[in-house]
Amino acid sequence: MSVCSLSPRTSSESLQSIFSTYSVPDKLSPALTGPMVWKGTELDPTQYIVELSKSEIDNIRAAVISFKLQRLPRSEISQHTFPLLPTLARKLSTVSKELHEGLGVVVLRGLDAARFNDEEAVVAFAGVSAYVAPQRATDSYANQTLSHVRDATKEAVPVWAKDIGLAGSKITAAMDFHSDRFSGDILALHVRNDGGAGVGGGQYVASFWKIYNELLRSEPEVLETMAEADWPFELKQKDQAPYLEPGPTLFFSRGKPICQLVKAPLLGSPRIQRDPSMPKVSDKQMYAMHVVQDLAKQFSTRIDRKQGDIQFINNLSIMHAREAYQGANGKASTRHLLRMFLRDPEKAWVKPARFRFNFDDPFAPGRMQEIPIIDMDPWRAISGRESHG
């Protein structure tokens, strides 16, 4: 992978020197093995792409029509209301197994042939995803379940939203490697429009387990820093003062490392400034972020992407990043992805008890789900609060 296209930030060379103990503390899990430990040069797209046949695409189209005829709200999309043939249902169930026990990345390909309109695409995305991981995450502030990842930078910002800013999912800037914090176990993205050739927006993934093994060997103190519960996350909210939510960026699930490192709530961004009352990250934490970013670049691969793809990424063990992108002739980019966070209750990793509520909260039962066909509100109340994309 070329490292020049993700972010203009320099490597961690200038920060190295003061954090170099080499003892491995007892609280760190031993080195990991298995298919989830990989580097990009070892991956071929055929290893993570799952092709849909014509008959399977026809089955999905029939399920979309069946759901629409039931006249139910989109929040009711489930395996029960979106009927697929048993063979396809089993095929999608194996995707969840690959996400939890395999590479941690799967791309489902072929839906572009269905030529869905906007409403049908949303229904198909939610319906197919229900067979991979039945539970959909919903934030507790805007009841948002499905988000539109698109360029909203050319749109006028309403007065009420001037202090909230656009979320990372609505801007065109590059995004460093991250895992979306307490958002869900599985990140699902449906490519409605790839934005065209030569305009950027490429997506990259890196195995945090590979990064973990390398740090365990060379700089275990970085992992110790990540596991400390004093990272100063700033959470913003509409019409209220931001507040501090300290916590770690590295957790463990019965020996499985879980990475939940995202920079914007720690450092702020040009569009979402960090409140001056918030404490700054420490030198050790800044160093850890640089080291993880450098290793993620080194071990990453660019996702093979085509229009219509549904990308599934284990948000606990796989970090993801994005190139900057732009529209043509100074206009807004046409790049458009649909996004949800999911959980498969049968295969989900057990979360650490102290932070179980944080991991479970997006999946709290009974919460209203908003699954919008068109994104009409990029400045929703928590756009700045979550600060990820």
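In the predicted model, Lys210 lies over the face of Phe299, at 5.4 Å from the ring centre. A second placement of this kind involves Arg181, whose charged end sits over the ring of Phe233, 3.6 Å from its centre.

Aromatic side chains also pair with one another, and the structure holds seven such pairs. Among them, Phe182 and Phe359 meet edge-to-face, with 5.0 Å centre to centre and 80° between the planes. This pair links distant parts of the chain, since Phe182 belongs to the loop between strand E5 (175–178) and strand E6 (186–193), whereas Phe359 is in helix H8 (residues 356–360), 177 residues apart. Phe182 counts as buried because its relative accessibility of 13% falls under the 20% cut-off, and Phe359, at 3%, likewise counts as buried. Phe359 forms a further edge-to-face pair with Phe251, at 5.2 Å centre to centre and with 80° between the planes; here strand E10 and helix H8 are linked by residues 108 positions apart. Phe182, Phe251, Phe355 and Phe359 form one aromatic cluster.

Thr249 is located in the loop between strand E9 (240–247) and strand E10 (250–253) and is buried, with a relative accessible area of 0%. Beyond residues up to four places away in sequence, Thr249 touches Met226, Trp231, Phe233, Ile258, Cys259, Gln260 and Leu261.

Over the protein chain, which has nine helices and 15 strands, buried residues make up 56% of the 389 residues. Of the contacts with a separation of 6 or more, 85% are accounted for by residues 24 or more positions apart. The chain exposes about 16900 Å², of which carbon and sulfur atoms supply 52%.

Methods:
Residues are numbered from 1 along each chain as its sequence is written. This is a predicted model: local features need pLDDT of at least 70, side-chain atom pairs count only at pLDDT 80 or more; totals for chains, interfaces and linings use all residues. Side-chain values use heavy atoms; hydrogens and water are left out. Helices (H or I, at least four residues) and strands (E, at least two) are DSSP runs, numbered from the N terminus. Buried means under 20% relative accessible area, exposed over 50%, partly exposed in between (1.4 Å probe, protein chains only). Contact means heavy atoms within 4.5 Å. Accessible areas come from the Shrake-Rupley method with a 1.4 Å probe; for residues, only the protein chains shown count as cover. Rings of Phe, Tyr and Trp (its six-membered ring) pair if their centres lie within 6.5 Å; planes under 30 degrees apart count as stacked, over 60 as edge-to-face and the rest as tilted. A charge sits over a ring if NZ of Lys or CZ of Arg is within 6 Å of the ring centre and within 35 degrees of the ring normal.
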